[in-house]
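Subject: Structure handover

Hello,

Below is the structure I said I would pass on. My notes on it follow.

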Amino acid sequence: SNNVIEVEWRFPDALRKIIQSAKKYDLFIVDRNLSEQDYEYEELKAVDALYNKALYDGFFEREGDYFLHKLIYDNDVINKFYFLTAYSASDELRNSEDIKKFIDFGKFKDANFIEKGNETHIDRLRDVMKNTSSIELRNANKLYLNILFKFLGEEADNSFFKIIKEKDNSEQIIDNLMKMRNIYEQILRKCTKIIPDMRNNCLDDRGNVILSGQTIEWLKNNQYISNMQRDFFFSIVKNTRDQGSHRKLEESKSTTEAIISLIYQLKDITFWFDGICKKCN
């Protein structure tokens with residue numbers, strides 16, 4: 001419910017996330033045997049075009065191993081992939097020649113087997129989670145991320161998380177500004193659909209939401225935003241326009257400190273947006 005941990009208990013549903021959005025996740029905690037929840041070969045083939053009957057038979061009752069094989073070549077699985085198992089690592093590896101080879105070549109390690117009921121192992125996994133900065137960062141910002149996810153969808157949620165994650169990266173300043181502008185535009189576009197009469201006063205001739213003065217002043221004059229929020233709205237739209245997609249070559253580039261300042265302004269706007277959605281929907 002906090003949008004920090006996702007759980008799947010059927011092999012086809014979990015495989016879909018591995019295939020479509022593996023880069024999104026910071027950790028994978030996987031049960032090796034996912035066969036107790038029934039699935040059919042056709043379901044898997046529809047998700048993974050490379051899946052065949054030989055793989056279906058070969059990985060039955062060790063479906064988690066298939067995830068490892070799918071991820072190991074393009075991901076840092078040593079630090080991201082953990083098996084949750086009822087047995088010790090030595091027992092699990094006894095008949096797993098392919099995983100032994102991964103360990104021999106330094107691509108995996110037996111410490112990535114977490115034995116159920118073993119408090120030492122569970123504590124080790126807890127420490128991994130605590131020391132994964134992205135998990136802590138998402139948890140610290142879950143209020144704003146959840147608002148965007150709820151009312152604008154997963155793309156806006158992920159986009160804002162990337163802004164926060166890359167806020168100190170000077171190479172990402174322009175990209176972060178463009179992402180902020182896009183989120184700001186999505187918020188206003190949603191508002192035109194739910195705030196009474198906003199559509200008639202804040203869209204241009206082509207039906208696009210007007211991002212600057214006309215819309216901001218209309219919201220202020222109709223008491224939807226405060227004086228401070230009005231300043232935040234103007235700040236977001238002006239700075240993302242001047243320093244983002246429309247920045248002139250001779251203008252100085254924004255700093256990471258400026259990005260951090262704008263993030264806090266966008267957080268305030270996001271919190272305001274949550275109240276509007278709850279009030280007007």
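In which helix do Asp 274 and Lys 278 both lie, and how many residues apart are they? Both belong to helix 16 (residues 256-280), and they sit 4 residues apart, about one turn of the helix. Please keep in mind that this is a predicted model.

Salt bridges

Asp 274 and Lys 278 form a salt bridge, with their closest N and O atoms 3.0 Å apart. The two partners differ in exposure: Asp 274 has a relative accessible area of 10% and is therefore buried, the limit being under 20%. Lys 278, at 56%, counts as exposed because the limit there is over 50%. Elsewhere, salt bridges with shared partners join Glu 6, Glu 8, Lys 17, Lys 24 and Glu 154 into one network.

Helix 7 (residues 97-104) holds a similar arrangement, with Lys 100 and Glu 97 placed 3 residues apart, about one turn of the helix. These two also form a salt bridge, and the closest N and O atoms are 3.3 Å apart. Here Lys 100 is partly exposed at 28% relative accessibility, and Glu 97 is partly exposed at 47%.

The salt bridge between Asp 31 and Lys 116 has an N to O distance of 3.0 Å. Asp 31 is in strand 1 and Lys 116 is in the loop between strand 3 and helix 8, so this pair ties together parts that are 85 residues apart in sequence. Asp 31 is partly exposed, at 27% relative accessibility, and Lys 116 is partly exposed as well, at 40%. The count of salt bridges comes to 23.

Helix 8

Helix 8 covers residues 119-130, which is 12 residues; at 1.5 Å a residue it should span 16 Å, and its end C-alpha atoms are indeed 16 Å apart. Which of its residues are buried? They are His 121, Leu 125 and Val 128. Seen down the helix axis, these buried residues fall within an arc of 55 degrees, so they line one face of helix 8. They pack against strand 1 (28-31), strand 2 (81-85) and strand 3 (113-115). On the other side of the helix, Thr 120 and Lys 130 are exposed. At the start of helix 8, a side-chain oxygen of Asn 118 comes to within 3.1 Å of the backbone nitrogen of Thr 120.

Nonpolar cores

In soluble globular proteins, nonpolar side chains tend to be buried together. In this model the largest nonpolar core has 40 residues, and the members that touch the most others are Phe 160, Tyr 184, Ile 195, Leu 219, Phe 233 and Trp 272. Two or more residues of this core come from each of helix 10 (142-151), helix 11 (154-165), helix 12 (173-194), helix 13 (198-202), helix 14 (213-221), helix 15 (227-245) and helix 16.

What does Phe 233 contact, leaving aside its neighbours within four places in sequence? Its contacts are Tyr 184, Leu 188, Ile 216, Leu 219, Ile 225, Ile 269 and Trp 272. There is also a second, separate core of 30 residues, and Phe 28, Ile 72, Ile 99 and Phe 108 are among them.

Regards

Key:
Residues are numbered from 1 along each chain as its sequence is written. This is a predicted model: local features need pLDDT of at least 70, side-chain atom pairs count only at pLDDT 80 or more; totals for chains, interfaces and linings use all residues. Side-chain values use heavy atoms; hydrogens and water are left out. The expected span of a helix is 1.5 Å times one less than its number of residues. Buried means under 20% relative accessible area, exposed over 50%, partly exposed in between (1.4 Å probe, protein chains only). The arc is that of the directions from the helix axis to the C-beta atoms. Contact means heavy atoms within 4.5 Å. A polar contact is a pair of N or O atoms within 3.5 Å; within protein, one must be able to donate a hydrogen and the other to accept it, and residues adjacent in sequence count only if both atoms are side-chain atoms. A salt bridge is a side-chain nitrogen of Lys or Arg within 4 Å of a carboxyl oxygen of Asp or Glu. A nonpolar core is a set of buried Ala, Val, Leu, Ile, Met, Phe, Trp, Tyr and Cys residues joined through side-chain atoms within 4.5 Å.
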